[in-house]
Amino acid sequence: MNDPTTVQTFQVGDLTISRIPETVLSGFAPQALLPRWDAEQVQEHLNSLMPGSLDEAGRRVILSTHAWLVRSARHTILVDTGIGNDKLRPSPMFHQLRTPFLARLQEAGASSDDIDFVLLTHLHTDHVGWNTQLVEGRWVPTFRNAQYVFSGIEYEALNVLSQSGADPRGFFEDSVEPVVAAGQARLVDPGQSAFIDNLVLHPTPGHSIDHWSVSMSSRGETAFFAGDVMHHPIQVYQPAWSSVFCASPEDAQKSRMWALQFAADNDALLFSSHFPENSAGRIRRRGSGYSWQFA
Ligand SMILES: [Zn+2]
């Protein structure tokens, strides 16, 4: 099994892509993540899931949180920003972490000042955390030279929730608003991706209302950052199994089917948001469905 705390680097054409690890989440009972989880149907795929995707007794799924650093000749990009340090969160898994995330970013060859774009697949607590860090009691943008690119629709929805006092999640104020206040936010619609060459934002709603996935191509090869279209590799085999965190399980399933087809058709290297091990791999067609192979 790959060490989940090490930086892993992949090459896609001229793009150098590194996983910047944050945490391993091993507290979820399978059905607490995927309500339709069926141990018998999982059994058949254990070879491609083990050893890193389930604990030995099969009672806990293992997930990762991390960011993807993408370096091209022109850009240094971070895709999603994990949970973050020092954040006050209702879930103990996310509460007041103290991880050496920025040291790991440095180990991968980038400083926080090098990042020129931060792409957020969606606005959830485990994807926006390192947007900001606590400096002298204030939340300030971690990546001071970056434009933070995210959905205007999700921003507005969270803004309304936050103003009404109904947002119990807390991350809007400490992780999203500070980058807006600093003038570093670039609110976009999917399809509007001309700001970086060879990069496309693909609408993949369902997990959240305006979730998108990201593809980048270089020298005929494709890197695909799926976001939370899937949380665990078993969903490649069982695409109808949506997570408890999905706003619309039906739309999430449709987006998952689209993403599987896109990844297979383009022979893309898929960079997942939460798969364990090295979190990257390929989707292949298998009968009428798909299979997963870690890279
Ligand atoms: Zn997530």
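1. Right after α6 comes Gly183, with a positive phi near 75°. Helices here are DSSP runs of H or I with at least four residues, strands are E runs with at least two, and both are numbered from the N terminus. This is a predicted model, where local features need pLDDT of at least 70 and side-chain atom pairs count only at pLDDT 80 or more, while totals for chains, interfaces and linings use all residues. Residues are numbered from 1 along each chain as its sequence is written, and side-chain values use heavy atoms, with hydrogens and water left out.

2. What is buried in α6? Phe171, Phe172, Asp174, Ser175, Val176, Pro178 and Val179 are, where buried means under 20% relative accessible area, exposed over 50% and partly exposed in between (1.4 Å probe, protein chains only). These buried residues pack against β6 (132–135), β7 (138–141), β8, α5 and β9; contact means heavy atoms within 4.5 Å.

3. Now the helix pair. Helix α5 (residues 152–163) packs on helix α6 (residues 171–181) at about 125°, and their axes are 11 Å apart. Axes are lines fitted to C-alpha atoms, for helices over the stretch in contact, and angles run from 0 to 180 degrees between N-to-C directions. The two helices are therefore oblique to each other (under 35 degrees is roughly parallel, over 145 roughly antiparallel, 65 to 115 roughly perpendicular, and the rest oblique).

4. On the residue level, α5 brings Tyr155, Leu158, Asn159 and Ser162 to this contact, and α6 brings Phe171, Phe172, Glu173, Val176, Glu177 and Val180. That splits into 6 nonpolar, 2 polar and 2 charged residues, with Ala, Val, Leu, Ile, Met, Phe, Trp, Tyr, Cys and Pro counted as nonpolar, Asp, Glu, Lys and Arg as charged, and the others, Gly among them, as polar.

5. Both helices belong with an open, mixed sheet of 7 strands, ordered β1-β2-β3-β4-β5-β8-β9. Strands pair if DSSP finds at least two bridges between them. β1 (8–12) and β9 (185–188) are the edge strands, each with a single partner, so one side of each has no neighbour in the sheet. On average, neighbouring strands are turned by 25° against each other, direction ignored.

6. At the β9 end, strand β8 (residues 147–151) runs parallel to β9 and is joined to β9 by 4 bridges. Ser151 stands opposite Val188 in β9. α5 packs on the sheet, touching β8 and β9, with its direction at about 80° to that of β8. α6 also touches β8 and β9, but its direction makes about 120° with that of β8.

7. There is another open, mixed sheet, with 6 strands in the order β10-β11-β12-β13-β14-β15. Its edges are β10 (199–203) and β15 (289–294), each with a single partner strand, so one side of each is left without a neighbour. The twist averages 30° from one strand to the next. Strands β13 (residues 269–272) and β14 (residues 280–286) run antiparallel, joined by 2 bridges, and Leu270 has Gly281 in β14 as its bridge partner. Helix α8 (residues 249–265) lies across β10, β11 (212–218), β12, β13, β14 and β15, at about 95° to β14.

8. Last one: is Val229, in the loop between β12 (221–227) and α7 (234–237), buried or exposed? Val229 is buried, with a relative accessible area of 4%. Leaving out residues up to four places away in sequence, Val229 touches Thr204, His211, Ser213, Ser255, Arg256 and Ala259.
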